[in-house]
Amino acid sequence: GYLHAEGFIDKDLCLDSAGDPHARSEFLECVFRLVPKYKYDAQNGVAAMSWNEAANKGDGADAEHEEEAKQGRLEAAAAERRENQSEYLRMLSRRVTYGQVVQLQHVKSGKFV
C-alpha cells in the first residue's frame, strides 16, 4: 500500500491499497523523509511565551526582565534548531537501524507525523 497525506488543509494520513485503481494519491503526497528525532523543548518554550504575551498583554511593570527572558529563550531555540540541523546532516546517507528513533517528515508540506 501507499501512505500519503495532502498535508496542508487535510492533516490526515491515508493508506491506499497498491492494487486499488481508485487510489487518488499523487506521488508527491506519498514521499516522506526520515529524520532523527528532533528536540523541541526550547522552541516549545518560545511558543508558550508568545501565547502568554498575547493573553496577558503585559502591564510593563517588569518589562526589562521579561525582555531578557524572551531573548534567552529565543537564543536557546536558535541553538536547538542548529543542533537539530547538525544531527540531521550527521545522519544523512546513513542506514537506519532497528530500534533507532526517527521521525517522518512529509516532503510536500514539511509537517511531521
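Which residue takes a positive phi just after helix 2? That would be S93, and the last close-up comes back to it. Everything shown here comes from a predicted model.

**View 1. The whole chain, with two helices and four strands.**
Starting at the N terminus, the elements come in the order β-β-β-α-α-β. Of the 113 residues in the chain, 18% are buried. The accessible surface adds up to about 8,600 Å², and carbon and sulfur atoms account for 53% of that. Take the contacts between residues at least 6 apart in sequence: 68% of them join residues at least 24 apart.

**View 2. Confidence along the chain, averaging a pLDDT of 81.**
A pLDDT of at least 70 is reached by 82% of the residues. Element by element, strand 4 (residues 102-106) comes out highest, with a mean of 90, while strand 1 sits lowest at 72. A word of caution for reading any of these panels: where pLDDT is low, the predicted coordinates shouldn't be read in detail.

**View 3. A nonpolar patch on the surface, built from L3, L13, L15 and V113.**
Together, these four residues put about 370 Å² of accessible area on show. L13 belongs to the loop that runs between strand 1 (2-4) and strand 2 (14-16). With a relative accessible area of 40%, L13 is partly exposed.

**View 4. Helix 2 from end to end, residues 63-91.**
Does the length of this helix fit or clash with what its residue count suggests, and what are the two spans? At 1.5 Å a residue, its 29 residues should span 42 Å, and the end C-alpha atoms are indeed 42 Å apart, so the two agree. The buried residues of helix 2 are A77, E80, N84, Y88 and M91.

**View 5. E83 and K39, a salt bridge between distant parts of the chain.**
A search of the whole structure turns up two salt bridges, and the next view has the other. Here the side chains of E83 and K39 meet, with 2.6 Å from N to O. E83 sits in helix 2, whereas K39 is in the loop between strand 3 (32-36) and helix 1 (41-56), which puts the partners 44 residues apart. Both ends count as partly exposed: E83 has a relative accessibility of 40%, and K39 has 42%. As a general point, side chains of opposite charge can pair when their charged atoms come close.

**View 6. R90 and E87, a salt bridge inside helix 2.**
The closest N and O atoms of R90 and E87 are 2.5 Å apart. Both residues lie in helix 2, three residues apart, or about one turn of the helix. An α-helix has 3.6 residues a turn, so residues three or four places apart point the same way. R90 is partly exposed at 45% relative accessibility, and E87 is partly exposed too, at 28%.

**View 7. S93, just after helix 2, with a positive phi.**
Back to the opening question: phi of S93 is near 70°, a positive value in a residue other than glycine. S93 lies in the loop that runs between helix 2 and strand 4. Is S93 buried or exposed? At 79% relative accessibility, S93 counts as exposed.

Key. Residues are numbered from 1 along each chain as its sequence is written. This is a predicted model: local features need pLDDT of at least 70, side-chain atom pairs count only at pLDDT 80 or more; totals for chains, interfaces and linings use all residues. Side-chain values use heavy atoms; hydrogens and water are left out. Patches are made of residues with over 30% relative accessible area and no salt bridge: like charges are joined within 9 Å, nonpolar side chains (Val, Leu, Ile, Met, Phe, Trp, Tyr) within 5 Å. Accessible areas come from the Shrake-Rupley method with a 1.4 Å probe; for residues, only the protein chains shown count as cover. Buried means under 20% relative accessible area, exposed over 50%, partly exposed in between (1.4 Å probe, protein chains only). pLDDT is the predictor's confidence in each residue, from 0 to 100. Contact means heavy atoms within 4.5 Å. The expected span of a helix is 1.5 Å times one less than its number of residues.
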